[in-house]
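This report looks at one helix and at the protein surface that faces a DNA strand. Please have the model open while reading.

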Protein chains: 2
Amino acid sequence: MANHKKESFTHREQDLAAFAKALSHPARIAILKVLSQKNECICGEIVEVLPLAQSTISQHLKELKIAGLIDGTVDGPRSCYCINWKAFEKFSAEFNSLFNNLKIRNEKACC
Amino acid sequence: MANHKKESFTHREQDLAAFAKALSHPARIAILKVLSQKNECICGEIVEVLPLAQSTISQHLKELKIAGLIDGTVDGPRSCYCINWKAFEKFSAEFNSLFNNLKIRNEKACC
DNA sequence: ATCTTATATCGCAAATATACGATAAAGGAA
DNA sequence: TTCCTTTATCGTATATTTGCGATATAAGAT
């Protein structure tokens with residue numbers, strides 16, 4: 001039984017892990033780059049740029065949306081996605097906080 | 001066929017994704033915290049602190065090691081793990097670089 | 001040599017993730 | 001209305017992750 005015990009950890013750890021997970025696939029990082037480079041909301045342009053099928057891109061977009069990193073609104077027959085800067089800033093700040101927290105403690109390598 | 005097409009992306013994207021993946025489980029974040037809080041190399045203490053079986057912790061440690069975030073040396077019958085600060089700094093810097101790169105482009109939300 | 005302790009690895013089960021083609025849904029164009 | 005375009009979702013196949021118990025391994029203790 002693959003009892004995924006993620007609940008046993010702190011909320012903070014779970015949130016950070018979820019953010020990291022959203023960024024844990026190169027396609028999703030590439031998607032974020034595309035979204036950030038355009039001032040307009042993009043839809044199928046991502047499909048043209050990335051070497052993945054339309055349905056696969058759609059799935060990655062869904063995961064980024066669930067993670068809260070992007071917003072998506074329906075715009076006629078097409079969809080409009082863009083980065084949720086507020087969530088993104090919040091997460092990157094928390095990430096840096098983790099980094100700094102780790103760094104502060106132990107500077108002398110012990111092995 | 002679950003052809004994992006990660007190779008089709010840039011090295012940078014792959015590296016960042018791999019780093020994010022290492023941090024994509026709360027147990028691994030918790031392990032890094034434990035390692036950073038101790039000045040001595042820890043081994044089984046992690047098992048006592050976290051709600052996971054010894055074999056599971058060992059597996060997470062292995063993944064962190066493969067990702068390059070920690071070093072491990074055998075010290076008699078026990079193992080000694082600690083954070084590889086050099087790798088850690090490098091990755092956190094690259095991450096921040098990604099964050100900043102994304103932020104620079106598009107400040108006006110479009111949807 | 002035998003026992004104990006600490007850790008890694010194996011084998012397995014279940015859950016998730018990745019990817020794609022096919023199809024559905026929704027709106028614009030003819 | 002009927003087509004076309006765009007995107008989401010379904011179904012499916014395969015790969016990877018997560019987790020645990022059992023076992024192997026390796027070194028110190030007795």
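## Surroundings of DNA strand D

Which residues are the closest to DNA strand D? Among the 28 residues that surround DNA strand D, the closest are Lys5(A), Cys43(A), Ser58(A), Tyr81(A) and His60(B), where a residue is near a strand if one of its heavy atoms lies within 4 Å of it. The model is predicted, with local features needing pLDDT of at least 70 and side-chain atom pairs counting only at pLDDT 80 or more, while totals for chains, interfaces and linings use all residues. Residues are numbered from 1 along each chain as its sequence is written, chains are lettered from A and ligands numbered from 1 in the order in which they are written, and side-chain values use heavy atoms, leaving out hydrogens and water.

Of the strand D atoms within 4 Å of the protein, 66% belong to sugar or phosphate and the rest to bases.

## Polar contacts from chain B

Polar contacts are pairs of N or O atoms within 3.5 Å. A backbone N or O atom of Ala53(B) is 2.9 Å from a phosphate oxygen of DNA strand D, and a side-chain N or O atom of His25(B) lies 3.3 Å from a phosphate oxygen of that strand. For Ser55(B), a side-chain N or O atom is 3.3 Å from a base oxygen of DNA strand D.

## Helix H4 of chain B

H4(B) supplies 5 residues, the largest share of the surface near DNA strand D. In H4(B), Ile57(B), His60(B), Leu61(B) and Leu64(B) are buried (under 20% relative accessible area, 1.4 Å probe, protein chains only). Seen down the helix axis, the buried residues of H4(B) fall within an arc of 100°, taken from the directions from the axis to the C-beta atoms, so they line one face of the helix. On the other side, Gln59(B), Lys62(B) and Ile66(B) are exposed (over 50%).

Conventions: Helices (H or I, at least four residues) and strands (E, at least two) are DSSP runs, numbered from the N terminus. A polar contact is a pair of N or O atoms within 3.5 Å; within protein, one must be able to donate a hydrogen and the other to accept it, and residues adjacent in sequence count only if both atoms are side-chain atoms.
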